[in-house]
Structures are given as structure tokens and as C-alpha cells.
Amino acid sequence: MVTEVLDSVGDAVEEDGISPSEAATVFSLLALCHDPASQRPKLVLHTLHGHTQRLVHQLKASQVSDILQSLAISLVLRLSHRASRVFKAFSDDEVIKVLSALMILGQHEEQLLAAMEKDLPGRLGKCDPEVISTVMEYCLQMRCRVNL
């Protein structure tokens, strides 16, 4: 059903048949439908981005805030997903920065937890104690459990 909605929205965006309020709504919808494996939302987002650039001067304050929030959520989700894929390449300082940022944003990513479970046991003996503390703080704040 989501695919059908995205197809319909994509057609409307491509035809420039979308108003500023509809653009704000679509950004919110795309943030909710985030699926890193799916190309369709990315294509709609790209087209919507170009169309919305032409509408910026017509956007109301509430629409600007809705779009900014949707973009921020989408970006955070993408970065969090990417962090899970490159977790083993992070230095101790980078792990602390990533987890601290995710805690501030209240973001919880199951794939990141899986990456931490896989990588951290081999690093525990030689990592900065602050990494262990930050991992535990992240798990406590996100109410999750990591098997190390």
C-alpha cells in the first residue's frame, strides 16, 4: 500500500502538481516511510526536493518547520543506518561522538546495536574506558541490551 501511495505522490511531484502544503506533507510521509533498502522514496524525495526549491518563497512558517523536521529525521535515520555499516572503522573518539549524538537525538537503531555486539568484544581490552561508558550510557538511555 505504501508503494502505491509513493507512486501516486511521485507522479504528482513529477508533474509539478503539488502545492507548498502538500510538499510539507509529503516530506513528513517520506520520513515516516524511511526504508534504507528502498529506492522509490529516494527518487520521490529527490524530485520533491527540486520542486520544493521552486516553492520556498511560498512556504508558510509551519510548512518550513515541518519540512526541516522531516529532513532532519530522514538524515538522522540515514546517518544512523550508515554508522551501523561502518561501525568497526570508527575510532574510539568517533564511537563516543556518534553514540553521544544519537543519545541527544533520541535515536535508536537495531542495526547499530548488532554492529556494536559484533565489533566491541574484540575492542574491549584496548579501547578507551570512555567508549565502554558511552556504550553503556547509550544502552541505558535507549533501554536496550547489548551482549558483549
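Q: How should I read the relative accessible area of a residue, and is R123 buried or exposed?
A: The value is sorted into three classes: buried is under 20%, exposed is over 50% and partly exposed lies in between, with a 1.4 Å probe run over protein chains only. R123 has a relative accessible area of 12%, so this arginine is buried. The model is a predicted one, in which local features need pLDDT of at least 70 and side-chain atom pairs count only at pLDDT 80 or more, while totals for chains, interfaces and linings use all residues. Residues are numbered from 1 along each chain as its sequence is written, and side-chain values use heavy atoms, with hydrogens and water left out.

Q: How many helices and strands does the protein chain have, and what share of its residues is buried?
A: Secondary structure is taken from DSSP runs numbered from the N terminus, where a helix is H or I over at least four residues and a strand is E over at least two. The protein chain holds 7 helices and 0 strands, so that its elements, taken from the N terminus on, read α-α-α-α-α-α-α. Of its 148 residues, 39% count as buried.

Q: How is a salt bridge recognised, and which residue pairs with R123 across distant parts of the chain?
A: The criterion is a side-chain nitrogen of Lys or Arg within 4 Å of a carboxyl oxygen of Asp or Glu, and by this rule there are 3 salt bridges. In one of them R123 is joined to D92, with 3.0 Å between the closest N and O atoms. This pair links distant parts of the chain, since R123 belongs to helix 6 (residues 110-123) and D92 to helix 5, 31 residues apart. D92 has 22% relative accessibility and therefore counts as partly exposed.

Q: Which other salt bridge involves R123, and what network results?
A: The side chain of R123 also meets that of D119 in a salt bridge, at 2.9 Å from N to O. These two residues are 4 apart in helix 6, which means that about one helical turn separates them, and both are buried. Salt bridges with shared partners thus connect D92, D119 and R123 into one network.

Q: Where does the salt bridge between K97 and D93 lie?
A: Both residues are in helix 5, 4 residues apart, about one turn of the helix, and their closest N and O atoms are 3.5 Å apart. K97 is exposed, its relative accessible area being 53%, whereas D93, at 44%, is partly exposed.

Q: How is an aromatic pair described, and how many are found in the whole structure?
A: A pair of aromatic rings is described by the distance of the centres and the angle of the planes. Rings of Phe, Tyr and Trp (its six-membered ring) pair if their centres lie within 6.5 Å, and planes under 30 degrees apart count as stacked, over 60 as edge-to-face and the rest as tilted. The search of the whole structure finds 1 such pair, namely F87 and F90, which are edge-to-face with 6.1 Å from centre to centre and 85° between the planes. F87 is buried at 1% relative accessible area, and F90 is buried at 16%.

Q: Which residues line the largest pocket?
A: On a 1 Å grid over the protein atoms alone, a pocket is an open set of points for a 1.4 Å probe with protein on both sides within 12 Å along at least five of seven lines, and lining residues have an atom within 4 Å of a point. The lining consists of V76, L79, S80, R82, A83, V86, F90, K97, V98, A101, L102 and L105. Helix 4 (61-85) and helix 5 (92-105) are the elements that give two or more residues to this lining. The space in this pocket is about 180 Å³, a volume being the space filled by probe spheres set on the points, which are joined across faces, edges and corners.

Q: What does S80 touch beyond its neighbours in sequence?
A: Contact means heavy atoms within 4.5 Å. S80, in helix 4, is buried with a relative accessible area of 1%, and, leaving aside neighbours within four places in sequence, S80 is in contact with L102, Q107 and E109.
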